[in-house]
Amino acid sequence: MPAGRPTLYKKEYCEQVFRLCLLGLTDAELAHAFDIEESTLNLWKNAHPEFMESIINGKEKADSEVAEKLWHRAKGYSHPEDKIFLHEGQPVIVSTEKHYPPDTAAAFIWLKNRRGSQWKDKIEVENTGDLNVSIEGFSPDWIAKKTGNSE
């Protein structure tokens, strides 16, 4: 017989956690939603494979749907649309095609995440050489002492 208090886990939590993951909740937020510690959530994941599978499926479904929509916004897209007009007191339905041009912000987000090394916001530069600073009127020893570069 296992020691400790009984688990608060219930089988119904699988459907609940799936829906919460579709909303984009993180593990910390999931734990808060179930009024448990994140460590308890991790224990539930290990002890109940169906619970872990619900989390994975919910997160993957949400992420893939958002990624698909972002991709469509990044490249631009069109879809059929019916417009309704009133002509001489009678409604008239006209089928059209609605076009959304490419969205540069969506394209940038996509590229930054998919090709981060080429599209990241900042470029890191590493100094591999010595930096010798000469300030007129001050000795190199004084500069090294003030900058913390004394050897």
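This briefing walks through the core, one helix and the cysteines of the structure above. The model is predicted, so to speak of local features a pLDDT of at least 70 is needed, side-chain atom pairs count only at pLDDT 80 or more, and totals for chains, interfaces and linings use all residues. Residues are numbered from 1 along each chain as its sequence is written, and side-chain values use heavy atoms, with hydrogens and water left out.

**Nonpolar core**
- The largest nonpolar core (buried Ala, Val, Leu, Ile, Met, Phe, Trp, Tyr and Cys joined through side-chain atoms within 4.5 Å) has 15 residues, and Val17, Leu30, Phe34, Trp44 and Phe51 have the most contacts inside it.
- Helices 1, 2, 3 and 4 (DSSP runs of H or I, at least four residues, numbered from the N terminus) each supply at least two residues of this core.
- Helix 1 gives the most, with five residues.
- Beyond its neighbours within four places in sequence, Phe34 is in contact (heavy atoms within 4.5 Å) with Tyr13, Gln16, Val17, Leu20, Trp44 and Phe51.

**Helix 3**
- Leu41, Trp44 and Lys45 are buried (under 20% relative accessible area, 1.4 Å probe, protein chains only) in helix 3, residues 38–47.
- These buried residues line one face of the helix, because they fall within an arc of 100° seen down its axis (directions from the axis to the C-beta atoms).
- Leu43 and Asn46 are exposed (over 50%) on the face turned away from the buried side.
- The buried residues of helix 3 pack against helix 1 (13–22), helix 2 (27–33) and helix 4 (49–75).

**Cysteines**
- Zero disulfides (cysteine sulfur pairs within 2.5 Å) are found in the whole structure.
- The sulfur of Cys21 is 11 Å from the closest cysteine sulfur, in Cys14, too far for a bond.
- Cys14 is buried at 11% relative accessible area, and Cys21 is buried at 2%.
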